[in-house]
Amino acid sequence: MWEITLPRTIVIGEEALEYLKTIEGRRALIVTDRVIESLNFVSRVEKHLREARLDVKIFNKVEAEPSTESVFRCLEAVREYQPDWIIAIGGGSTIDTAKAVWVLYERPDVKIDEINPLTKLGLRSKAKMIAIPTTSGSGSEATWAIVITDTKEKRKMELASREVVSDIVILDPELTLSMPPRLAADTGIDALANAIEGYISRWRNDISDVFAVAAVKMIFNYLPRSFRDPGDREAREKMHYAAMLAGAAFSNSQIGIAHAMGHAIGAVFKIPHGRSVSAVLITSIEYNLREIEDRLVELAQAIGIKEESNVKMVEKFIQKVGDLLREVGEPLTIRELGISREEFDDRLDELVDKAMMSTGTIANPRIPTREDYMRLFMYAYEGREVDF
Amino acid sequence: MEKYKFPSEGWIKAYKEELNKNKVYEESAKDWEGDFLFIISPGEGIEKEIVFYVDLWHGKCRDAYMLPSREAKKTAFVFEGPYSNWKKLIMGQLDPIHAIMMRKFKLEGDMGKVLRYTKAASELVKTASRIPTEFIL
C-alpha cells in the first residue's frame, strides 16, 4: 500500500494568475520576498484578490534558504492578521516558509520540529493555502516536504506532512520570464535531481514514476533553452511544469542521497540548494548504480538514448547528465562550489553527520554507512568516479 | 541450528546478542538514546498483546526482555503492530520507516528523531532477520 497526495487544483497556462479572481474568502495574507514584490507580481496577485473581494495583507520578508527565525517573523504577521487564505508567491523558500507558518498558525501547540508525517495536524480549520511558484525547481508547490534551516544547529530540518500540500497551485509561465539564467539553471537542476531520485527511490511506485519520467524528459529538452534565452516562453513554461511534476514524483516516493548530501553542504557552507545538489548528483547516481541499473536504462530510453547494451545505456545517461550540468554552468564537483580543500577537510565530519541524519537516506537504493558517506563526499569533492 | 520461537524470551535474548555484534548498527546509532516497547497487538490468533522491552543506548542494546504488559515500563518509544506485520518485518519484507508511514505499525515517540536514524532502523530489522526464527503463526 502507498498513499499518493497531490494538490487539489492545479491551474496552468497563460493568465493562470487570473484564477485568483474566483477565490472565495475574507482575508488573504500574501507571503513573498522583496525581489518578487519589486517585479510587480505581488501587485497583480493583490489586484485579483481584491476583485474577488478579499482583504489583502503582504508579508515580504521571506529569506532565501529560510531559517526558523524567518518563519517566526512571518508567523507573527499571520497571527496578527488571521487570514483564511495563505498565498505564497516566490521560490521554494517562500513556499516552504508559508507551509511551516500555516502549520504553526493552525496548531500553536505544535513545535516546528514536530511537523512529521505521523503528527495529525488538522489543517484547514483556519486557512487554506495557494502556492504560486516563480522559479522552476523545488517543486514545493506540489510536495508535502518543508525545508527550514535550524540556525542554532546549522542543519536543514526536513519536515513533512501530507496535510501541507497546497490546496491550489497556480503555474503561470509569465512569472518565470524574469528569472535570471543562473537561477533558472540552479532551480532546474534541483528539479532534475528531484525527478531522478524520485524515480530510483526504494519507495517509487507506478504513479510517482509517471511524474518522474515526464519531468526528466522535459528538463533535458527545455532546460538548456530556458537557460540560454529567458524570453523563450515555451521553454520557460515547460520547465515550470516539469518542476511541479518532479515535485509530485519525489513527494510521492522519496528523495535520495544527492539531497542528503546537498542539504548538508547547503547548511554547512551556505550554498544555494540547486548548486549543492548539482555538485553531488553524478556521484550519487554512480553510488546507486549497482542497485538501479534497470531504472537508469529506462531513464536513458526516456531521453532517447539508444545503445546496444544496458551498461552503455547507463554510461551514456550519466554522461548526458554531466553534459547538461556543464551546458547550464552548474558544478559537477564540490570543489567547483568554491570550497577550498582545507575548509572541506575541516568540515567533513560535520557533513557526514548531517547527511546520515537526512531523510534522503531512508529510501535511497543503497543506504550508505558513515564510511560510505565519508568516501562519497571525498569522491564528490574531486569528481572521482565511484568504485565502491 | 537452534530456532527461536517468535515471540519468546529466547528470541529477544538472541536478538540482543546479535544486535551487539552488529558493527554497522553500532556506528549508525552511536548517538542514539532511547528505549522501546515492541508490541505485538492482539488479533490474528494473538489473544493478548505481547510486549518486549528493548533498551538501545549509544549503538548498543543494554537490555532486552519480555514484559507482562505495556504498563510495566515507561519508554521513549512504542512500536506496535499485528503479528503478520512483525513477521514480514523480521523476514525483511517490510521497510520499517515505510511501514510506519503506511500505518502498518504505530510509532509513539519522537518520529523526527527516528527519521534521523534510518540507517540504524534498517540495521535493527536486518539484525532481526538474522535470528533463526520459528514463527508461531
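Start where the two chains meet: in this predicted model, 17 residues of chain B are in contact with 17 residues of chain A. On the chain B side, four helices each put in at least two residues, namely α2 (23-28), α4 (96-101), α5 (111-115) and α6 (118-129). Helix α4(B) gives the largest share of that side, with four residues. Sort the chain B side by class and you get eight nonpolar, five polar and four charged residues. As for confidence, the model scores ipTM 0.76 and pTM 0.91. Chain B averages a pLDDT of 93, and 100% of its residues score at least 70.

Stay with chain B for a moment. The chain has six helices and seven strands, and if you walk along from the N terminus the elements come in the order β-α-α-β-β-β-β-α-α-β-α-α-β. How compact is chain B? Its radius of gyration is 14 Å, close to the 14 Å that the globule rule gives for 137 residues, so chain B is as compact as a globular protein of that length. Put a box around its C-alpha atoms along the principal axes and you need roughly 40 × 35 × 30 Å. Buried residues make up 38% of the 137 residues in chain B. If you take the contacts in chain B between residues at least 6 apart in sequence, 68% of them join residues at least 24 apart.

Now over to chain A, which has 12 helices and eight strands. The same sort of check works here: a compact globule of 388 residues would have a radius of gyration near 21 Å, and chain A has 20 Å, which agrees. Its C-alpha atoms fill a box of roughly 60 × 45 × 45 Å along the principal axes. Of the 388 residues in chain A, 54% count as buried. Contacts across the sequence show up here too: for pairs with a separation of 6 or more in chain A, 78% of the contacts come from residues 24 or more positions apart.

Two helix pairs in chain A are worth a look. Take α9 (residues 273-302) and α10 (residues 310-327) of chain A, which pack at an angle of about 145 degrees with their axes 9 Å apart. The crossing of α9(A) and α10(A) is right-handed. On the α9(A) side, the residues that meet α10(A) include A:Leu281, A:Ile282, A:Ile285, A:Leu289 and A:Leu296. Among their partners in α10(A) are A:Met313, A:Val314, A:Phe317, A:Ile318 and A:Val321. Counted by class, the residues of this contact split into 14 nonpolar, three polar and three charged. The charged residues there include A:Glu286 and A:Glu293 from α9(A) and A:Lys316 from α10(A).

The other pair is α5 (residues 181-200) and α7 (residues 233-251) of chain A, whose axes come within 8 Å and cross at roughly 35 degrees. This crossing is left-handed. From α5(A), the residues involved include A:Gly188, A:Ala191, A:Ala195 and A:Gly198, and they face a set in α7(A) that includes A:Ala242, A:Ala243, A:Ala246 and A:Gly247. The class count for the contact of α5(A) with α7(A) is nine nonpolar, five polar and one charged.

To finish, zoom in on two single residues of chain A. A:Asn288 lies in helix α9 of chain A. Is A:Asn288 buried or exposed? It has 24 C-beta neighbours inside 10 Å, so A:Asn288 counts as buried; the cut-off for buried is 20 or more. Setting aside neighbours within four places in sequence, A:Asn288 is in contact with A:Ile200, A:Asn364, A:Pro365 and A:Arg366. By contrast, A:Asn288 and A:Met244 sit 25 Å apart, C-alpha to C-alpha, with their positions 44 residues apart in sequence.

A:Asp387 is found in the segment after α12 (370-382) of chain A. With 7 C-beta neighbours inside 10 Å, A:Asp387 counts as exposed. Its C-alpha atom is separated by 8.3 Å from that of A:Glu286, although these two residues are 101 apart along the chain. A:Glu286 is one of the α9(A) residues that meet α10(A), which brings you back to the first helix pair.

Notes
Residues are numbered from 1 along each chain as its sequence is written. Chains are lettered from A and ligands numbered from 1 in the order in which they are written. This is a predicted model: local features need pLDDT of at least 70, side-chain atom pairs count only at pLDDT 80 or more; totals for chains, interfaces and linings use all residues. pLDDT is the predictor's confidence in each residue, from 0 to 100. Two residues are in contact if their C-beta atoms, placed from the backbone, lie within 7 Å. Axes are lines fitted to C-alpha atoms, for helices over the stretch in contact, and angles run from 0 to 180 degrees between N-to-C directions. A crossing is left-handed if the near helix is turned anticlockwise from the far one by less than a right angle, and right-handed if clockwise. The radius of gyration is taken over C-alpha atoms; the globule rule is 2.2 Å times the number of residues to the power 0.38. A residue is buried if 20 or more other C-beta atoms lie within 10 Å of its own, exposed if 12 or fewer, and partly exposed in between; C-beta atoms are placed from the backbone.
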